[in-house]
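Biologist: Hi! Could you walk me through this one while I have it open?

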Amino acid sequence: MSVRKVLKYGDPFLRGATKEVHKVSKKIQELVRDLLDTMYQQNGVGLAAPQIGESYRVFVIDVSTSDEPLNPIVFINPKIIKKSGAVISHEGCLSFPKAFTDVKRYANVTVRAMDRKGRSFTLEVKDGTLLARAIQHEYDHLDGVLFVDHAINRFEAEDVLSENELPPLEPEKMIDEPELTEEIEKLLEAKEDEVESDEDDE
Ligand code: ZN
């Protein structure tokens, strides 16, 4: 059990590939414990193995609030088997200290994975909850994808990165999902309309 060093954006390891876990061995169980220890110590909502320099398909999430008991969820060899809807998600990442920006996410996801004892489970999460968004964020880490690759506004993301002395966006890594982008644009328009009608009232 130990708190590990979290790799920062710019470290090439965060862009690397990961391998499937063939057996939930002692080593993997130790990795899970280290991920949890490190996530809690850093007050994070989730942490993926590559962030502590381990190239396995493993991540952990805990979305419980400070007045609730801890509720860690361990995902080993996860697969997102269904995704739908869209939500604007204001995200940060333990590998990007202090940098937050709006990103595009699916609102609903179904994920299948193994828990820390190697038992498989399926989890369906809806309505763009923190858990739904965290699953997508952590899952991406296993494929070397980072939250800024989903930025809604590249200029804003670029500013946030430079303000926090982090390396710039990597344009070739940006994710282009036309259908999701279209849904997000609709959400943004609806938001603008809301603001306008608020202004009309005054
Ligand atoms: Zn992250």
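Modeller: Happy to; we can go through the metal site, the sheet, the helices and the salt bridges. One thing to keep in mind is that this is a predicted model.

Biologist: Good to know. Which residues coordinate the zinc ion?

Modeller: Cys-93 through SG, plus His-137 and His-141, each through NE2. The distances run from 2.0 to 2.2 Å.

Biologist: And what spacing do the donors follow along the chain?

Modeller: The pattern is C-x43-H-x3-H. Cys-93 and His-141 belong to distant parts of the chain, 48 residues apart. Cys-93 is in strand β4, residues 87-93, while His-141 is in helix α2, residues 130-141.

Biologist: Are Cys-93 and His-141 buried or exposed?

Modeller: Both Cys-93 and His-141 are buried.

Biologist: Switching to the sheet: what is the order of the strands?

Modeller: The order is β1-β2-β3-β6-β7, an open sheet of five strands with antiparallel pairing. β1 and β7 (120-125) are the edge strands; each has a single partner, so one side of each has no neighbour in the sheet. From one strand to the next, the twist averages 35°.

Biologist: How many bridges join β2 to β3?

Modeller: Four, and the two strands run antiparallel, with β3 covering residues 73-84. If you want a pair to click on, Ile-61 has Ile-73 in β3 as its bridge partner.

Biologist: Found it. Which strands does α1 lie across?

Modeller: β1, β2 and β3, and α1 runs at about 40° to β2. Helix α2 packs on the sheet as well, touching β1, β2, β3, β6 (108-114) and β7. The direction of α2 makes about 155° with that of β2.

Biologist: So α2 touches the sheet and also carries a zinc donor?

Modeller: Right: α2 packs on the sheet, and His-141 of α2 coordinates the zinc ion.

Biologist: Let's look at α3. Which of its residues are buried?

Modeller: In α3, residues 154-163, Ala-157, Val-160 and Leu-161 are buried. Viewed down the helix axis, the buried residues fall within an arc of 100°, so they line one face of α3.

Biologist: What about the other side of α3?

Modeller: There you'll see Phe-155 and Glu-163, which are exposed.

Biologist: And what covers the buried residues of α3?

Modeller: The cover includes β5, residues 96-105.

Biologist: Now the charges. How many salt bridges does the structure hold?

Modeller: Eleven. One of them pairs Glu-54 with Arg-4 at 2.8 Å, N to O. Those two are 50 residues apart: Glu-54 is in the loop between β1 (46-48) and β2 (58-61), and Arg-4 is in the segment before α1 (26-41). Arg-4 is partly exposed, at 24% relative accessibility.

Biologist: Got an example within a helix?

Modeller: Yes, Glu-183 and Lys-186 meet in a salt bridge at 3.3 Å, N to O. They are three residues apart in α4 (residues 178-201), so about one helical turn separates them. An α-helix has 3.6 residues a turn, so residues three or four places apart point the same way.

Biologist: How accessible are Glu-183 and Lys-186?

Modeller: Both count as partly exposed, Glu-183 at 34% and Lys-186 at 48%.

Biologist: Which residues are joined into one network by salt bridges that share partners?

Modeller: Arg-4, Asp-34 and Glu-54.

Biologist: One more pair before I go?

Modeller: Try Glu-124 and Lys-126, whose side chains meet at 3.7 Å, N to O. Lys-126 is partly exposed, with a relative accessible area of 47%.

Conventions: Residues numbered from 1 in each chain as written. Predicted model: local features only at pLDDT ≥ 70, side-chain atom pairs only at ≥ 80, totals over all residues. Heavy atoms only, no water. Donors = N, O, S within 2.8 Å, 3.2 Å for Na, K, Ca; no water. Buried < 20%, exposed > 50% of the residue type's maximum accessible area, 1.4 Å probe, protein only. Salt bridge = Lys/Arg side-chain N within 4 Å of Asp/Glu carboxyl O. Pairing = 2+ DSSP bridges. Axes fitted to C-alpha atoms, helices over the stretch in contact; angles between N-to-C directions. Contact = heavy atoms within 4.5 Å. Arc of directions from axis to C-beta.
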